[in-house]
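Biologist: I am new to this structure. Please take one buried position and look at it closely, and then go on to other places that help me read the model.

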Amino acid sequence: MLAFLGYAMVIVFMALIMKKKMTPFIALITIPLLFSIFGLFLKLYPNHIGGWALKGLESVSVTGVMLLFAIMFFALMLDAGLFDPVTSFVIKVAKGDPVKILVGTALVAGIVSLNGDGTTTTLICCSAFIPIYKKLDLKMMNLGVLIILQNTIMNLLPWGGPTARAISVLNINESAVLRAVAPGMVISFIYMLFVAAYLGRKERKRLGITNLSAEEINEMTVVKDPETLELRRPKMIWPNAILTIGLVILLVSGLVPSVVLFIIGTAIALLLNYPSSKLQRERLNDHAGDAVQVIILIFAAGIFMGLLTGTGMANAIAHSIGSIIPDSLGKFWGLVVAFVSAPGVFFLSNDAFYFGVLPVLAETGYQYGFTAQQMGVASLMGQAFHLLSPLVAFIYLLLRLTGLDMGEWQKESAKWALGIFTIFIVVTIATGGVPLLVNK
């Protein structure tokens, strides 16, 4: 009966999210609460609903705080203009050579994607590169493909949406997850530079090399918006760069908890760039909305997982799945989860997959000897295809700015996304992030 109740809860939750009948925040709280109360009415377990929910909240509290300050930190770096010199340098070096321009596009898209926000990446990259693509008659399709796939790779950082959800749902260590996915991310990033060079050579063959004047290049690199200029801190580029690089190195090393790093990093970033209390309040207020939208989901997910686990539904579902899966397949459950995650995150939202499906897959994996960390990492492999999904809101901004047709863009992007997916799986297995098989 518990397994049936758990399945029903997951299905109802996913249906409501997919049909947009409820926001993820409301669904994550009310659906498990209603089903838990129903199970209590059937006397399937004692009444510890409050305690289970609190335990779930406690399990995600550190992750929630880490995400809050990670979002703040990278937002401040963008405000201060840390990435502006990179964009300007790429455009100046590339001049009119399509190969250099496309490789530069990939570099800038990857670097700007460090903040984990696809909308910001799209706006910055499109603002910087659309003028030069139009000026040189380069295919806008290449811009759309490079932006989305570089963002796809960098979205696996712990403060990115999918990884943050996996961490909160399975209560795993973010530094350990970063160490597991980092090798695949680095190789995928390099792979995309080669893809950009290949596409650039095709454009060079089609168009040749155009010589841009100094005035034309300057027009493309100068920030003109007065509000944006007020926030820029060009004299703080090197201190900001040293701060960011040092923070990322410490993150990967795992020597200092990431939540502590981002709290300290955010405080230093504010002091360096916006020393007055008035400016500090303005910067925090300006980015609070974006941060809160992510954090409330993490805490709501804590309640969802606390009730799903505490009531025994998660364990019951896992046993029911395990009873129908051949043992020979169970040994490869990490690989199964990786392949399931590809269509899972394309046809479902991240909320539906990570909050609704992953707990079930993970509980089943535990029965075969896989750890929570391995299940979390495996579930991230399918992210190679997630940002091609029509369920991702910011892709419509990208398509509108570039004027691309969704179908054609998805087809072209998927061709290269398959390479990223393959790299993720092969490298993660080779480095031990997810074992190829586990024998209990």
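Modeller: R165 is found in helix 8, which covers residues 161–170. The model is a predicted one. R165 has a relative accessible area of 15%, so it counts as buried, the limit being under 20%. Leaving out residues within four places in sequence, R165 is in contact with L297, N350, D351, Y354 and F355.

After helix 8 comes a loop that leads to helix 9 (174–207), and N171 sits in this loop. N171 is not a glycine, yet its phi is positive, at about 55 degrees. Most residues other than glycine have a negative phi. K43 is another case: it too is not a glycine, and its phi is positive, at about 60 degrees. K43 belongs to the loop between helix 2 and helix 3 (49–80). With a relative accessible area of 75%, K43 is exposed.

Helix 2 runs over residues 24–41 and includes F38. The relative accessible area of F38 is 42%, so this residue is partly exposed, a class that lies between 20% and 50%. On the surface, F38 joins M1, F4, F41 and L42 in a nonpolar patch, and together they have about 590 Å² of accessible area.

A further helix to follow is helix 5, made of 15 residues, 98–112. From its first C-alpha to its last, helix 5 reaches 21 Å, close to the 21 Å expected at 1.5 Å a residue. At the start of helix 5, the side chain of D97 places an oxygen within 3.1 Å of the backbone nitrogen of V99. Of the 15 residues in helix 5, 11 are buried, so the helix is largely enclosed by the rest of the structure. Among the buried residues are P98, V99, I101, L102, G104 and T105. Further along helix 5, the buried residues include A106, V108, A109, G110 and V112.

T105 gives a closer view of helix 5, where it lies. Its relative accessible area is 0%, so T105 is buried. A polar atom of the T105 side chain lies 2.8 Å from the backbone oxygen of I101. An α-helix has 3.6 residues a turn, so residues three or four places apart point the same way. Not counting residues up to four places away in sequence, T105 touches V90, F129, Y133, L143 and L146.

Key
Residues numbered from 1 in each chain as written. Predicted model: local features only at pLDDT ≥ 70, side-chain atom pairs only at ≥ 80, totals over all residues. Heavy atoms only, no water. Patch = residues over 30% accessible without salt bridge, like charges linked within 9 Å, V, L, I, M, F, W, Y side chains within 5 Å. Areas by Shrake-Rupley, 256 points an atom, 1.4 Å probe, with all protein chains shown as cover. Salt bridge = Lys/Arg side-chain N within 4 Å of Asp/Glu carboxyl O. Helix = DSSP H or I, 4+ residues; strand = E, 2+ residues; numbered from the N terminus. Buried < 20%, exposed > 50% of the residue type's maximum accessible area, 1.4 Å probe, protein only. Expected span 1.5 Å × (residues − 1). Polar contact = N/O pair within 3.5 Å; in protein donor to acceptor, adjacent residues only side chain to side chain. Contact = heavy atoms within 4.5 Å.
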